[in-house]
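Grab your favourite viewer and a cup of something warm. Here are some exercises, each with a worked solution to follow step by step.

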Amino acid sequence: MLEIFFSSSKLLKTFTGHTNCANSIDYLTLDDTQCICSGSADKTVRLWDIETNQQIQSFNRHSGSVYCVKFSQYHHYRNNRRVICSASLDKTIRFWDVKNNRQLKLLNEHTSAVCRIEFSSFSGGRYLCSVSYDDTIRLWDVETYKSLHIFNGHTKGVWCVDISPLQNNNNDNDNKSNNIGAIGGNGYTICSGSIDKTIRIWDIETIKQLTVFKGHEDNVNCVKYGSNKLRNIDGANTIISGSSDKSVRLWDIRSGQQIQVFNGHKYSVYTVEYSPFVVNNIEVGSSNVICSGSSDNTIRFWDIRSNRSELYIIDGDNKDYGILCLKFIQLKSNNDNRCGTNLCYGSYRGPIHICV
């Protein structure tokens, strides 16, 4: 499938409207309409219809750059509400009610820019993790909109975060087997990356710092947990990261050691993802490929089983000036999409593209 994607890779759609950097994107199907939401340095949160390439809504109440956007799975599945959550330079986290076109809630306990947010993999996404330039990580209860925990330890601003994936023995609907902890997150961890050049692992229930990874030589801009679907390595105990030192790195959580470093980007790496593609005929879902986007205006694919050069490079449009965010999405089948997976990415100049 990776070879098919590479051989047929071409630009399918472009969404224009943002007048500054497209910092973040997310994907969801709303009432049979496939949508992406985006957050931008132009201070707006926007919702787009993928099929028509049209902007559906724009939310304009942030007073600073919007660094991160996420669809709320908790509101979607528990309350049947279409809600987008956004984090901003203006120190706030805001929830937007799509149906009623209004701000639903504002969280303003951070004392500096809120850089990234992530919903919990457990408890149906009830908990939200946020990281900030105020050097802290916060965990929120989305049901009550209350701050539950503050994680302290980073010595400079925290730029990126991820929450460990759903454990195999859990039922995603009720998670009864995982309700030992106070918030139902027993056994789950948070991974954070910072301007202090470190990556840290935290226990959600105890708020304790478990591991510190050192090796990056500049700001850590993005982190991502692996999963049990990875082959030949213990994927559930790995993390990938990207940094302003131009490198992508693979880490082993249990040993606290770096496994691989991938060099090739010419400028800062701002986004990393595990690719759904496979190589060497390994079955779908067991990918050994990671993907990174950089301000050098390239998206690069790497095989985590080797320390060799990238498998493939996608060059952004000449007017993009850099890749800031990316996400793999599954669009409705069409004649152009032979492998069924699309790559969506946001650029420094504002346009958002989908490749097929």
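## Exercise 1: A serine and its partner

The side chain of S132 comes within 3.3 Å of the backbone oxygen of S112. Please bear in mind throughout that the model is predicted.

Task: place S132 in its secondary structure element and decide whether S132 is buried or exposed.

Solution. Start with the element: S132 belongs to strand 11. Next, take the relative accessible area of S132, which is 0%. Buried means under 20%, so S132 is buried. To finish, return to the contact: the S132 side chain reaches the backbone oxygen of S112 at 3.3 Å.

## Exercise 2: Aromatic pairs

Task: find how many aromatic pairs the whole structure holds, then classify the pair of F122 and Y188 by the angle between the planes.

Solution. The search of the whole structure gives eleven aromatic pairs. For F122 and Y188, the ring centres are 4.7 Å apart and the planes make an angle of 35°. Planes under 30 degrees apart would count as stacked and those over 60 as edge-to-face, and this pair is tilted. Now locate the two partners. F122 sits in the loop between strand 10 (114–119) and strand 11 (127–132), while Y188 sits in the loop between strand 14 (158–163) and strand 15 (189–194). The pair thus links distant parts of the chain, 66 residues apart. Both F122 and Y188 are buried.

Task: do the same for F301 and Y312, and ask which of these residues is buried and which is partly exposed.

Solution. The centre-to-centre distance for F301 and Y312 is 6.4 Å, with 50° between the planes, and this pair is tilted too. F301 is in strand 24 (residues 298–303) and Y312 in strand 25 (residues 312–315), so the pair ties together parts eleven residues apart in sequence. F301 has 0% relative accessibility and therefore counts as buried. Y312, at 26%, counts as partly exposed.

Task: which residues make up one aromatic cluster with Y67?

Solution. Y67 joins Y133 and W159 in one aromatic cluster.

## Exercise 3: Empty space

Task: what is the volume of the largest cavity, and which residues line this cavity?

Solution. Begin with the principle: rolling a probe the size of a water molecule over the atoms shows where empty space is left. The count comes to one cavity of 30 Å³ or more, and the largest cavity holds about 30 Å³ of space. Its lining consists of L28, L30, F71, S72, H76, R81, R82 and V83. Sorted by character, the lining has four nonpolar, two polar and two charged residues.

Task: describe the second largest pocket by its volume, its lining and the strands that contribute to that lining.

Solution. The volume of the second largest pocket is about 220 Å³. Its lining has 14 residues, with L30, D31, R82, V98 and K99 lying nearest the centre. Strand 3 (33–40) and strand 5 (54–59) each provide at least two of the lining residues. By character, the lining divides into five nonpolar, four polar and five charged residues.

## Exercise 4: Positive phi

Task: where are N80 and D135, and how accessible are N80 and D135?

Solution. Recall first that most residues other than glycine have a negative phi. N80 has a phi near 55°, a positive value, and D135 has a positive phi of about 75°. N80 lies in the loop between helix 2 (73–78) and strand 7 (83–88). With 56% relative accessibility, N80 counts as exposed. D135 lies in the loop between strand 11 and strand 12 (136–141). With 25%, D135 counts as partly exposed.

## Exercise 5: Across the sequence

Task: how far apart are the C-alpha atoms of H75 and G124, and of G242 and S292?

Solution. H75 is in helix 2 and, at 3% relative accessibility, counts as buried. Its C-alpha atom and that of G124, 49 residues away along the chain, are separated by 9.2 Å. G242 is in strand 19 (residues 238–243) and is buried at 0%. The C-alpha atoms of G242 and S292 are 7.6 Å apart, with their positions 50 residues apart along the chain.

How values were computed:
Residues numbered from 1 in each chain as written. Predicted model: local features only at pLDDT ≥ 70, side-chain atom pairs only at ≥ 80, totals over all residues. Heavy atoms only, no water. Phe/Tyr/Trp six-rings, centres within 6.5 Å; stacked < 30°, edge-to-face > 60°. Helix = DSSP H or I, 4+ residues; strand = E, 2+ residues; numbered from the N terminus. Buried < 20%, exposed > 50% of the residue type's maximum accessible area, 1.4 Å probe, protein only. 1 Å grid on protein atoms, 1.4 Å probe; cavity = no way out; pocket = protein on both sides within 12 Å on 5 of 7 lines; lining within 4 Å. Points joined across faces, edges and corners; volume = space filled by probe spheres on them. Nonpolar A, V, L, I, M, F, W, Y, C, P; charged D, E, K, R; others polar. Polar contact = N/O pair within 3.5 Å; in protein donor to acceptor, adjacent residues only side chain to side chain.
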